Amino acid sequence: MFLFWGIYLVWIALVIFGPRWNLSILLQFIGSPMGMGGFGAWMGAHVPRGLQLLVFFFLPLCGWLFGHGIRTWITLKKYQRALDHLGLKTPTGLSPKVVRAVELENKRRRILVHAVGIDVASFRDKKGALESSFNAILQDVRVTPSNRQMIEILVSDRELPTLVRFDDRSENLRNPYTFLVGETMDGFVTADLCEIHHMLVAGATGGGKSVFFKQALVGILKTSKHIQLYLVDLKRGVEFKVFDALDNVVLAKDEPAALSVLQAVAVEMDRRFRFLEDKGFNEISPERDGLDRIVVAIDEASELFILSNSSKEGKRLAQEARETADKIAKLGRAAGIHLILATQKVVKETIDTRVQTNINAKMCFRVNTIASSMTVLNNKKAADLPKINGRGIWSVGSTDLVVQVPYLDAEGIAEEVESLTVKFNGDASPLKQKMLELTAPKNEQPNNLIVSSEENVMSGKDEVES
Ligand SMILES: Nc1ncnc2c1ncn2[C@@H]1O[C@H](COP(=O)(O)OP(=O)(O)O)[C@@H](O)[C@H]1O
Ligand SMILES: [Mg+2]
């Protein structure tokens, strides 16, 4: 806007003070068709040039500034009244003051509030009242990083869609090892397994964990070549059975099988660390090292990690599974080994806090209690989510985004897997190494078969080009 006024000033100054052109001629030219050419001539002859500049530049500028000020004032008043309805006050009677309202793209507005002595949580607690007061959807409330007395309220006129179809968004699957995360107010989001490393999917039953989980796996399989998938599904494989048709997928359906999968991956991880040490590399690169990325995906991980009413043997199995998953979460990143856990219960006993701290990316669907939301996200955003299937909070580092995740139904998954068999099954498989050999859990079988197959695995599949 200021650029516009700047250009206008230069132009009008040239017209008024310029040697050949002057305002009188211009006004005569514009005015003559309307029969007002004489006014232009009179103006040129009688009005000093300074006054002409005042009339033709400064008056419109002042008018615009005044109008702009009035508009801003009315907007601030409107938001202030809306905020006053919430009745937020300090014990000393100080109430929050709206200082600025900025229009953003995508029908969003940022409202800056000067709130001395008022906790940001008291704004969040009044989400419903705030939305009805502002007549908009609340996206976020946070303290501004530069000033702890300022609170930033983000509202939007637009609601997220309640259904996002995988097929409509699959064109976003471009780079290797990426998958779809979902639609946010800021646009569509994808994630890169190499950047996030591990992921936790949490939320109450029926929120959409398994659907999200499966579409993420389809995404990773579609975009990647050198990938091995180890799936654990203790619901006897019902959720993931469809993936079993792929040669680069191993499905574990019971606790002993799950533990042997985890142990085989842990052994492979140790082997990869020795390899990295020998070569002096920082991390595995599939192309260079002739190794595949490995994804260990566990649905309903709590079923594996706490075995209720179980025997001594069952408890030992659970304990060991947890410890191994913990190790993979802690060390897997450099070894090209990724852990994806989905769980309904996130408490200390299911997903160890140590495992949690090593998982940077979280997708949390609606949870029933604030405490659960706090455990996963460290805030109550997941408890505040509307009851919409597939609506969740995507949290990476300190950024939380509300997303509507893509929906891929059972038929869609079956079709995708069918087309993936062409890529992964048979001689044309792009894998760099053989699938890991599984044994019975280590404690039950002292001679671990995996160790004996080490050479074999190390050499990779050299007949396949990268
Ligand atoms: N992204 C989504 N979009 C729309 N509906 C969904 C979505 N995800 C899940 N649903 C619906 O919710 C149901 C439960 O999803 P599911 O993934 O099995 O939940 P969970 O594993 O969390 O118990 C699905 O059968 C489906 O009808
Ligand atoms: Mg599920």
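Start by selecting helix H1 and helix H4: in this predicted model, H1 passes H4 in a right-handed crossing. H1 covers residues 2-17 and H4 covers residues 49-84.

**Stop 1: the pair H1 and H4**

Two packed helices are described by the angle between their axes and the distance between the axes. For H1 and H4 the angle is about 160°, and the axes lie 10 Å apart. Angles over 145 degrees count as roughly antiparallel, so H1 is roughly antiparallel to H4.

Now show the side chains where the two helices meet. On the H1 side, select Trp5, Tyr8, Leu9, Ile12, Ala13, Ile16 and Phe17. On the H4 side, select Arg49, Gln52, Leu53, Phe56, Phe57 and Leu61. Colour this contact by class and you will find 11 nonpolar residues, one polar and one charged.

**Stop 2: from H4 to the sheet**

Keep H4 on screen and add strands S1 and S2. H4 lies across both of these strands, and runs at about 115° to S1. S1 consists of residues 97-104, and S2 of residues 108-114.

Next add S3 and S4 to see the open sheet, which has four strands in the order S1-S2-S4-S3. The pairing in this sheet is antiparallel. Which strands stand at the edges? They are S1 and S3; each has a single partner strand, so one side of each is left without a neighbour in the sheet. Turn the sheet to look along it: the twist averages 20° from one strand to the next.

**Stop 3: bridges to S4**

Select S4, residues 147-156, together with S2. Seven bridges join these two antiparallel strands. To find one of the pairings, pick arginine 108, whose bridge partner in S4 is serine 156.

Then move to the other neighbour of S4, which is S3, residues 137-144. S3 and S4 also run antiparallel, and they pair over seven bridges. How many residues lie between S3 and S4 in their hairpin? There are two residues between them.

Two partnerships are worth picking out here. Valine 141 has isoleucine 153 as its bridge partner in S4, while arginine 142 has glutamate 152. When you look at the side chains, remember that in a regular strand they alternate between the two faces of the sheet.

**Stop 4: ligand 1**

Leave the sheet and centre the view on ligand 1. The ligand is surrounded by 13 residues, and the closest are Gly208, Lys209, Ser210, Gly390 and Tyr407. By class, this shell has four nonpolar, eight polar and one charged residues. Which helix gives the most to the shell around ligand 1? Helix H9, residues 209-223, does so with three residues.

**Stop 5: the pair H9 and H16**

Stay with H9 and add helix H16, residues 410-424. The two helices pack at an angle of about 20°, with axes 11 Å apart. Angles under 35 degrees count as roughly parallel, and H9 and H16 are therefore roughly parallel to each other. H9 passes H16 in a left-handed crossing.

To display the contact, select Lys214, Val218, Leu221 and Lys222 in H9, with Ile413, Glu416 and Leu420 in H16. By class, this contact has four nonpolar, no polar and three charged residues.

Terms used. Residues numbered from 1 in each chain as written. Chains lettered and ligands numbered in written order. Predicted model: local features only at pLDDT ≥ 70, side-chain atom pairs only at ≥ 80, totals over all residues. Axes fitted to C-alpha atoms, helices over the stretch in contact; angles between N-to-C directions. Parallel < 35°, antiparallel > 145°, perpendicular 65-115°, else oblique. Left-handed = near helix turned anticlockwise from the far one by under 90°. Contact = placed C-beta atoms within 7 Å. Nonpolar A, V, L, I, M, F, W, Y, C, P; charged D, E, K, R; others polar. Pairing = 2+ DSSP bridges. Near = placed C-beta within 6 Å.
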